[in-house]
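Colleague: I am new to this structure and should be grateful for guidance on how to read it.

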Amino acid sequence: MARWFDTVAAVLKRNEVRLVTYVPDKVLAPLIRALEADSYFTTFCPTREEEAAGIVCGGWMGGMRGIVLMQTSGFATLANVLASLALPYRIPLLMMISERGTLGEFNVGQAMVCRSMRPMLTALGIEHHTLSRRDEIDFIVDRTVNQAIATQEPAAFILSPLLTHAKRQEA
Amino acid sequence: MTARQTAASGAQEVLMSRFDLTSRLVARLRSDEAVVGGIGNNNFDLWATGRRPQNFYMLGSMGLCFPIALGLALTQPRRRVVAIEGDGSLLMQLGCLATIAERRPANLTLLVMDNGSYQITGGQKAATHHGADLVTIARGCGLNESRWAENTAHFEELLDNALIGDRPHLIAAKIDEAPGRATTDRDPAWIRDTFMRGLGTRS
Ligand SMILES: Cc1ncc(C[n+]2csc(CCOP(=O)(O)OP(=O)(O)O)c2C)c(N)n1
C-alpha cells in the first residue's frame, strides 16, 4: 500500500488544493518533501501558523484552494485566527495537524498542548477527522475537502502516530 | 499636517493623515486592484473612502493584513494588491515581512500607517514610539524597496512607483492620532462574498 504522505499528496492534487503553507514538524517532513518536489503545488514556510493561515485565507479569496500543515503546538496558537477570520468570513481553511504529545511522547509540554486540540476544535465547531489508517486517508481527505468547500467551513485533519510512526510503516 | 516629537531622536516629524493617504490611494486605483484594510482604523478609513467590491475589510485577526494580501498577490498575479496596516498590528506579525521578501510578489504594495500607538484601544504607546523603525526592520527582512514617505506628495510619488513595480514595495508614513472616520459594516460573510465576486473568484 502507498506511503501515507504519497496518498495525502495525491488526494490534495486531485482536489486542486495547490497552495501549501507550513511550519516545520519532523513527522510532516516527508509530506513537505513530496509537496515541494511537485511543482503543481506552491509550498512554502512562513514564520508562524497564524501567518500561514492568513496566507491560505487570502489565497482562497484569490481563487486557489490551500492547506496549512503544522504540529499540535502550532494549532494551539490559532484560536483567534479561526474565530475572527476563517469562521466568521466563511473561508474553508484546511488544516493538517501532526499529532504530537500522545502514544509515547517524552515532552510533557507537548502532551499538555495535545489535550487542548480536540476540545478547541469542538468548541469552535470545526469539522475534524483523525487519520490513523492508510486505507482511510483517501476517503476522509477527499470527502472532507469537498464538504469544507461546499459548506464554506474550515476543516482539520489530525495525523495520528498510528498512521505516521516509523514502527507503523512496514508494508 | 501636524507635527510630533519622536522619543528616539527628539526631531520634529511631519504627521500625515490616514484618511487623506487612503483617499489618495483610492484616487489612483484604475478599478481592478485589490485593497486589504487591516484591523480597526485601517479598514475603517478604507470604508470611509467609499465602497469598492475589490476591498477587503478585516474585522479581527490582528496582524494578518499583510499575510492575507500575500495570499491574494500569489494567487492573483495579474492584479495589483495593496495592503494597509497599522504599526501596532505589524509589530505583532513582523515575521511576515521576511516571508514576503522571500516570495517577492511583484504585484504587492504594503502601506504602514504609523501613529506610534495603539490608537483604537486607548492610544497606548507602541514600540514605534520608542524608536522601533518599521522601514529599517522591513529592509532587514530583505524588502529592499521600503521607504518612509516624507510628506503627502512624496507618498504619492512612492505609490505611483510601487504600483508599476516589479517587486514588493513597502511605504510607511508617520500619521497623526486621529481615529478612523467611519465604521465598517460588521458582516464578515458579506464582506468576503462581495470581495470574491469583485475579484471574479466566486460567481
Ligand atoms: C490578538 C489581538 N490582540 C489585541 C487586540 C486588541 N486590538 C484591536 S486593534 C488594536 C490596536 C491596533 O493598533 P494599530 O495597528 O497600530 O492601529 P491603530 O489603532 O493605532 O490605528 C488592538 C491592540 C486584538 N483585536 N487582537
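Modeller: The turns below take up the chains, their burial, their charges, their cysteines and two backbone angles.

Colleague: What kind of model is this, and how are its parts numbered?

Modeller: This is a predicted model, in which local features need pLDDT of at least 70 and side-chain atom pairs count only at pLDDT 80 or more, while totals for chains, interfaces and linings use all residues. Residues are numbered from 1 along each chain as its sequence is written, chains are lettered from A and ligands numbered from 1 in the order in which they are written, and side-chain values use heavy atoms, with hydrogens and water left out.

Colleague: How many helices and strands does chain A have?

Modeller: Helices (H or I, at least four residues) and strands (E, at least two) are DSSP runs, numbered from the N terminus. Chain A has 8 helices and 6 strands, in the order α-β-α-β-α-β-α-α-β-α-β-α-β-α from the N terminus. The radius of gyration of chain A, 15 Å, is close to the 16 Å of the globule rule for 171 residues, so chain A is as compact as a globular protein of that length. That radius is taken over C-alpha atoms, and the rule is 2.2 Å times the number of residues to the power 0.38.

Colleague: How many helices and strands does chain B have?

Modeller: Chain B has 8 helices and 10 strands. With a radius of gyration of 16 Å, close to the 17 Å that the rule gives for 203 residues, chain B is likewise as compact as a globular protein of that length. Its C-alpha atoms fill a box of roughly 55 × 35 × 30 Å along the principal axes.

Colleague: What share of each chain is buried?

Modeller: Buried means under 20% relative accessible area, exposed over 50%, and partly exposed in between (1.4 Å probe, protein chains only). Buried residues make up 54% of chain A and 56% of chain B. Helix H3 (residues 65-75) of chain B has 10 of its 11 residues buried, among them B:Cys65, B:Phe66 and B:Pro67.

Colleague: Where do the charges lie on average?

Modeller: Lys and Arg count as positive and Asp and Glu as negative, without His and the chain ends; each charge is placed at NZ of Lys, CZ of Arg, CG of Asp or CD of Glu. Chain A has 17 positive and 17 negative side chains, with the centres of the two sets 3 Å apart. Chain B has 22 positive and 21 negative side chains, and there the centres lie 5 Å apart.

Colleague: How many disulfides are found over all chains?

Modeller: A disulfide is a covalent bond between the sulfur atoms of two cysteines. The criterion here is a pair of cysteine sulfur atoms within 2.5 Å, and the search finds 0 disulfides over all chains. The sulfur of A:Cys57 is 13 Å from the closest cysteine sulfur, in B:Cys65, which is too far for a bond. A:Cys57 is buried, at 1% relative accessible area. For B:Cys141, the nearest cysteine sulfur is that of B:Cys96, 8.3 Å away; B:Cys141 is partly exposed at 26%.

Colleague: Which loops hold A:Arg90 and B:Ser61, and what are their phi values?

Modeller: A:Arg90 has a phi near 55°, a positive value in a residue other than glycine. A:Arg90 lies between helix H5 (79-86) and strand S4 (94-98) of chain A, partly exposed at 37%. B:Ser61, also not a glycine, has a positive phi of about 45°. B:Ser61 is in the loop between strand S4 (55-57) and H3 of chain B, and is buried at 2%.
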